[in-house]
Each structure stands twice: as structure tokens, then as C-alpha cells.
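Please walk me through this model, beginning at a single turn in the backbone and working outward to the core.

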Amino acid sequence: MPPNWVIPNAQIDLALEYYHGGLFPKNHAFAFLWTKKAADVGYSIGLNNLGNFYFMGVGTEIDYTLAFKYMHEAMLMGETVSCSEIGYLYYHGLGTEKDIDKAIDIWETGASYGSAECMKYLNQIKTPGHC
């Protein structure tokens with residue numbers, strides 16, 4: 001196996017172990033590092049997770065612009081889980097211009113692919129004090 005060969009899903013598994021403190025002691029800096037390695041090779045789950053880390057400030061500073069960038073890229077690659085998150089960012093204007101119509105369109109697309117989170121957001125916006 002060549003030394004440059006990467007297995008991004010294994011990198012994500014390792015990142016999750018560090019994030020949750022499973023096989024290794026909890027270490028968010030290592031979780032961020034391994035997630036970034038998976039994202040850097042264009043692995044859609046890595047891109048989405050990296051965006052979430054920027055959104056929550058896990059192993060890094062909170063940066064909504066980078067959160068949007070990475071999650072949006074994952075969404076364009078077909079990660080339906082990213083639809084709920086990108087919709088949320090549009091809805092609240094975090095890391096991007098606030099655009100409620102675009103948020104709803106994205107949530108509807110995600111819901112059409114079976115995203116329970118997107119369905120939840122669509123139901124919430126119909127009630128007072130939503131999202």
C-alpha cells in the first residue's frame with residue numbers, strides 16, 4: 001500500500017473515537033485533525049463533520065462562514081444530512097446571507113430524500129417560536 005493512500009472513512013472513525021472518548025481519551029483537537037484530513041481529500045462525510053466542528057467550535061474556534069462552506073460542499077456532493085444544517089444556516093443568516101425562502105427550499109429537498117431533520121424544521125416553522 002503506497003504511503004499516500006488514504007482511507008477517509010477510517011479517518012472519520014478515528015475522529016469519532018477521539019470526539020466521543022471511545023477507544024481513546026476524549027480529545028477534540030485530534031477529532032478535528034482527523035476530520036480535516038478526511039475533508040481535505042473531498043470525503044463528503046468529512047466535509048459535513050468538519051462544518052459541524054466549525055459550527056460548534058469543536059477543536060477549533062466557532063466560524064460560521066467555514067461551517068457553511070464545508071457543509072454546503074457536502075450537500076452538493078449528496079450528503080442529505082447537510083440539508084438540515086445548511087437550511088438552518090440560511091434561516092438564521094449564519095455564515096451566509098439570511099434567506100428564509102432558500103432555507104425552506106433546501107429543507108424541502110432534504111425532506112424529499114427522507115431527512116427527518118429537514119421534516120422537523122419544516123414542521124417547526126409552521127408553529128410560533130419556531131427554529
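**From a glycine to the core**

Glycine 57 adopts a positive phi of about 75 degrees just after α3, where helices (H or I, at least four residues) are DSSP runs numbered from the N terminus. The model is a predicted one, in which local features need pLDDT of at least 70 and side-chain atom pairs count only at pLDDT 80 or more, while totals for chains, interfaces and linings use all residues. Residues are numbered from 1 along each chain as its sequence is written, and side-chain values use heavy atoms, with hydrogens and water left out.

The helix that precedes this glycine, α3, has 13 residues and reaches 18 Å from its first C-alpha to its last, close to the 18 Å expected at 1.5 Å a residue, the expected span being 1.5 Å times one less than the number of residues. Serine 44 lies in this helix, which covers residues 44-56, and is buried, with a relative accessible area of 12%; buried means under 20% relative accessible area, computed with a 1.4 Å probe on protein chains only. Not counting residues up to four places away in sequence, Serine 44 touches Ala74, Met77 and Glu79, a contact being heavy atoms within 4.5 Å.

Ten of the 13 residues of α3 are buried, among them Leu47, Asn49 and Phe53, and the buried residues pack against α1 (8-20), α2 (28-40), α4 (64-76) and α5 (81-92).

The largest nonpolar core has 27 residues, and those with the most contacts inside it are Leu50, Tyr54, Ile86, Tyr90, Ile106 and Trp107; such a core is a set of buried Ala, Val, Leu, Ile, Met, Phe, Trp, Tyr and Cys residues joined through side-chain atoms within 4.5 Å. The largest share of this core, six residues, comes from α4.

Terms used. Helices (H or I, at least four residues) and strands (E, at least two) are DSSP runs, numbered from the N terminus. Buried means under 20% relative accessible area, exposed over 50%, partly exposed in between (1.4 Å probe, protein chains only).
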